[in-house]
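Here is a walk through one structure, helix by helix. Keep the sequence and the 3D view open as you read.

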Amino acid sequence: LALNRELGNNQGIAHSLNNLGFVAHHQGDYAAARSFHEESLALRQQLGDQRAIAFAQTGLGWAMHKLGDYDGAATLLAEARLLFKQLGDKQLLAYSSNILAGVVHDQGNDQEATALLDESVNTCRDIGAKYSLAVGLRLLGDVTHEQGEHQRAAALMNESLKTFREIGDRYGVAFALCSLANITHDQGDDERATMLLKES
């Protein structure tokens with residue numbers, strides 16, 4: 001970022017800011033993530049790169065969701081999804097759909113969340129986007145579990161777990177194991193639930 005600022009390379013600045021936003025997000029500093037993504041989005045809007053704009057909107061929407069600004073996050077993510085659709089970028093459309101599903105779920109709209117996740121999962125299967133597929137399956141499993149469909153939820157979570165293992169995402173594996181343990185507990189199998197939690 002410092003080198004790009006020195007060079008006056010706005011595209012490089014925007015790219016660095018966006019990456020720093022995702023780093024801050026994964027460190028749990030959502031206020032910093034929001035600040036990085038806001039600056040990145042402003043630069044990308046000046047540059048007029050629609051795909052980059054949509055990606056920055058996705059990052060910013062994700063940070064805003066974590067900060068509790070559900071309405072603002074939903075608006076940005078819906079705009080990003082529209083741009084990705086127009087650009088024909090199915091992988092980033094699925095990625096942004098997963099994040100938007102989390103927002104609308106927290107707003108209490110499980111029907112819309114389920115529709116977004118079903119679309120994302122189907123798209124990811126078609127294009128072979130395994131990371132977004134694993135995330136979408138896990139989120140869909142959680143929503144399905146909350147709706148009391150334990151058998152379907154378990155099947156979705158098992159597929160998510162398998163996919164996270166295939167791509168070597170240990171964090172994703174741990175998260176899926178915990179979710180699967182909750183489902184298994186609600187199915188009445190506390191012994192297996194305990195085993196899954198120990199494995200996580």
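Start with H5 and H6, which pack at an angle of about 155 degrees, their axes 9 Å apart. H5 is therefore roughly antiparallel to H6, since an angle over 145 degrees counts as such. The crossing of H5 past H6 is left-handed. Keep in mind that this is a predicted model.

Now look at the contact itself. H5 brings Tyr70, Ala73, Ala74, Leu77, Ala78, Arg81, Phe84 and Lys85. From H6 come Leu92, Leu93, Ser96, Ser97, Ile99, Leu100, Val103 and Asp106. Sorted by class, this contact of H5 with H6 holds 11 nonpolar, two polar and three charged residues.

Pick out one residue from that list. Serine 96 sits in helix H6. Is serine 96 buried or exposed? Its relative accessible area is 0%, so serine 96 is buried. Leaving aside residues up to four places away in sequence, serine 96 touches Leu77, Arg81 and Phe84. Leu77, Arg81 and Phe84 are among the H5 residues that meet H6. Serine 96 also touches Thr58. Thr58 falls within helix H4, residues 50-66.

That leads to H4 and its partner. The axes of helix H3 (residues 30-47) and helix H4 come within 8 Å and cross at roughly 155 degrees. H3 is therefore roughly antiparallel to H4. The crossing of H3 and H4 is left-handed. On the H3 side, the residues in contact are Tyr30, Ala33, Arg34, His37, Glu38, Ser40, Leu41, Arg44 and Gln45. They meet Ala52, Ile53, Phe55, Ala56, Gln57, Gly59, Leu60, Ala63, Met64 and Lys66 in H4. By class, the contact of H3 with H4 counts 10 nonpolar, five polar and four charged residues.

Move further along the chain to helix H7, residues 110-127. H7 has 18 residues. From first C-alpha to last, H7 reaches 26 Å, close to the 26 Å expected at 1.5 Å a residue. Which residues of H7 are buried? They are Ala113, Thr114, Leu116, Leu117, Ser120, Val121, Thr123 and Cys124. An α-helix has 3.6 residues a turn, so residues three or four places apart point the same way. The buried residues of H7 pack against helix H5 (70-87), helix H6 (90-106) and helix H8 (130-146). After H7 comes glycine 128, with a positive phi near 75 degrees.

Zoom in on alanine 113, which lies in helix H7. Alanine 113 is buried because its relative accessible area is 0%, and the cut-off for buried is under 20%. What does alanine 113 touch, not counting residues up to four places away in sequence? It touches Ala101, Val104 and His105. The C-alpha atoms of alanine 113 and serine 97 are separated by 8.8 Å, and the two residues are 16 residues apart along the chain. Serine 97 appeared earlier, among the H6 residues that meet H5.

Finish with helix H10, residues 170-186. Its 17 residues should span 24 Å at 1.5 Å a residue, and the end C-alpha atoms are 25 Å apart, which agrees. The buried residues of H10 are Gly172, Val173, Ala176, Leu177, Ser179, Leu180, Ala181, Ile183 and Thr184. They pack against H8, helix H9 (150-167) and helix H11 (190-199). H8 has come up before, since the buried residues of H7 pack against helix H8 too.

Definitions and conventions
Residues numbered from 1 in each chain as written. Predicted model: local features only at pLDDT ≥ 70, side-chain atom pairs only at ≥ 80, totals over all residues. Heavy atoms only, no water. Axes fitted to C-alpha atoms, helices over the stretch in contact; angles between N-to-C directions. Helix = DSSP H or I, 4+ residues; strand = E, 2+ residues; numbered from the N terminus. Parallel < 35°, antiparallel > 145°, perpendicular 65-115°, else oblique. Left-handed = near helix turned anticlockwise from the far one by under 90°. Contact = heavy atoms within 4.5 Å. Nonpolar A, V, L, I, M, F, W, Y, C, P; charged D, E, K, R; others polar. Expected span 1.5 Å × (residues − 1). Buried < 20%, exposed > 50% of the residue type's maximum accessible area, 1.4 Å probe, protein only.
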